[in-house]
Amino acid sequence: MAKTVLVTGATGTVGRDVAKLLSKKGAPVRAGVRDQAKARKQFGPEIALATFDFEDDSSFAGALDGVAKVFLLPPLLPNQVQLTSTFVDAAKRAGVRRIVKLSAIGVDDEIRFTVGKWHAANEQHIRESGLAFTFLRPNSFMQNFITYFPPRNGAIYLPWGTGTASFVDTRNIASVAAEVLTSDGHEEKIYTLTGPAALGIAEVAQILSEVASREFKSVDVSEDAARDGMLQAGLPKWQVEALMELHAINKQNRWSAVTADIEKVTDTGPTDFARFARDHAEKFRAS
């Protein structure tokens with residue numbers, strides 16, 4: 001068990017793929033989950049499960065027992081910094097040697113944003129812990145067009161104007177994480193993960209239209225309308241305000257740069273948006 005990798009956030013989009021890729025590579029992997037009975041449906045019998053909850057530090061010891069490396073996907077909660085720091089300290093006490101943390105693009109940019117501040121504080125605490133680390137800083141996920149802002153009634157509604165972003169496929173993020181966790185030479189490295197091109201929402205809508213064989217359009221909504229829509233959908237105010245900061249940054253084209261870090265780590269180029277759309281065409285046809 002000395003080489004076990006603990007994957008936090010293991011039932012989420014990124015964490016689930018990280019756990020499965022590690023298993024395919026033959027690495028002893030343990031998925032940290034809140035509910036083992038529900039999580040077992042997502043994983044085969046070869047992946048061990050451990051009860052784990054960032055908000056319950058009594059769950060840390062069992063999840064970390066015999067763990068050498070951790071894939072750390074911090075919880076999106078307003079007390080993220082405190083929860084993550086407490087976990088990192090527990091990981092060090094448990095004998096963990098290395099943390100691969102999922103962070104976010106732009107955390108050290110001159111423009112400071114709430115979620116970026118949290119990730120920056122997480123990163124600093126890990127540096128100060130003395131543990132070996134690798135930080136993965138992905139751009140906005142392509143999968144967000146399925147989960148967070150999917151087309152509705154034939155349109156994508158976002159307050160982005162003509163802003164663009166180099167959206168990244170979460171499957172590429174998982175591939176990088178799995179490679180970093182199972183190979184040497186990535187200590188104290190920071191990888192900024194992007195797709196191969198910057199796209200605006202109108203271009204995204206056009207690609208989805210071609211793939212789904214139905215018309216989608218992009219609608220540039222006002223900030224007030226976007227904020228009200230999220231609040232009416234039941235998102236807590238702190239999360240709405242954090243998302244509005246991200247939308248404003250994307251409207252300004254702040255995160256449109258493209259990097260080669262995915263190919264550098266995995267020897268395979270990043271997935272383009274058309275391929276992503278084709279792979280999920282049924283979801284968009286049903287939108």
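**Entry 1: L231 and its contacts**

I started with L231 and skipped its neighbours within four places in sequence; what remains in contact with L231 is K237 and V240. I'm working on a predicted model, so I keep that in mind throughout. Next I looked up where L231 sits, and I found it in helix α9. Is L231 buried or exposed? Neither, as it turns out: its relative accessibility is 37%, and because buried means under 20% and exposed over 50%, L231 counts as partly exposed. I also checked L231 against T271. They are 40 residues apart in sequence, and their C-alpha atoms are 33 Å apart in space.

**Entry 2: α9 with α10**

Since L231 belongs to α9, I followed that helix to its partner. Helix α9 covers residues 223–232 and helix α10 covers residues 237–251. Their axes come within 10 Å and cross at roughly 145 degrees. I noted the crossing of α9 past α10 as right-handed. On the α9 side, the residues making the contact are E223, A226, R227, M230 and L231. On the α10 side they are K237, V240, E241, L243, M244 and H247. So K237 and V240, the two I'd met as contacts of L231, turn up here too. Sorted by class, this contact has six nonpolar, one polar and four charged residues.

**Entry 3: α4 with α5**

Next I went to helix α4 (residues 80–93) and helix α5 (residues 114–129). How do their axes lie? They come within 9 Å and cross at roughly 20 degrees. That angle is under 35 degrees, so α4 is roughly parallel to α5. The crossing is right-handed. From α4 I wrote down Q80, V81, T84, S85, V88, D89 and K92. They meet W118, H119, A121, N122, H125, I126 and S129 of α5. By class I get five nonpolar, seven polar and two charged residues for the contact of α4 with α5.

**Entry 4: α1 with α7**

One more helix pair: α1 (residues 13–24) and α7 (residues 170–182). Their axes come within 8 Å and cross at roughly 45 degrees. That makes α1 oblique to α7. I put this crossing down as right-handed. Which residues of α1 take part? They are T13, V14, D17, V18, L21 and L22. In α7 they meet T170, R171, I173, A174, S175, A177, A178, L181 and T182. The class count for α1 with α7 is nine nonpolar, four polar and two charged residues.

**Entry 5: aromatic rings**

Last, I went looking for ring pairs. How many aromatic pairs are there? The count comes to 15. I picked F133 and F135 to look at: the ring centres are 4.4 Å apart and the planes are at 20 degrees, so this pair is stacked. F133 has a relative accessible area of 6%, so I filed it as buried. F135 is at 0% relative accessibility, so it counts as buried as well.

Then I took F276 and F284, an edge-to-face pair. Centre to centre I noted 6.1 Å, with 75 degrees between the planes. F276 counts as buried at 0% relative accessibility, and F284 is buried at 2% relative accessible area. Both of them belong to one aromatic cluster, made up of F145, F149, W160, F167, F273, F276 and F284.

Technical notes: Residues are numbered from 1 along each chain as its sequence is written. This is a predicted model: local features need pLDDT of at least 70, side-chain atom pairs count only at pLDDT 80 or more; totals for chains, interfaces and linings use all residues. Side-chain values use heavy atoms; hydrogens and water are left out. Axes are lines fitted to C-alpha atoms, for helices over the stretch in contact, and angles run from 0 to 180 degrees between N-to-C directions. Helices (H or I, at least four residues) and strands (E, at least two) are DSSP runs, numbered from the N terminus. Angles under 35 degrees count as roughly parallel, over 145 as roughly antiparallel, 65 to 115 as roughly perpendicular and the rest as oblique. A crossing is left-handed if the near helix is turned anticlockwise from the far one by less than a right angle, and right-handed if clockwise. Contact means heavy atoms within 4.5 Å. Ala, Val, Leu, Ile, Met, Phe, Trp, Tyr, Cys and Pro count as nonpolar, Asp, Glu, Lys and Arg as charged, and the others, Gly among them, as polar. Rings of Phe, Tyr and Trp (its six-membered ring) pair if their centres lie within 6.5 Å; planes under 30 degrees apart count as stacked, over 60 as edge-to-face and the rest as tilted. Buried means under 20% relative accessible area, exposed over 50%, partly exposed in between (1.4 Å probe, protein chains only).
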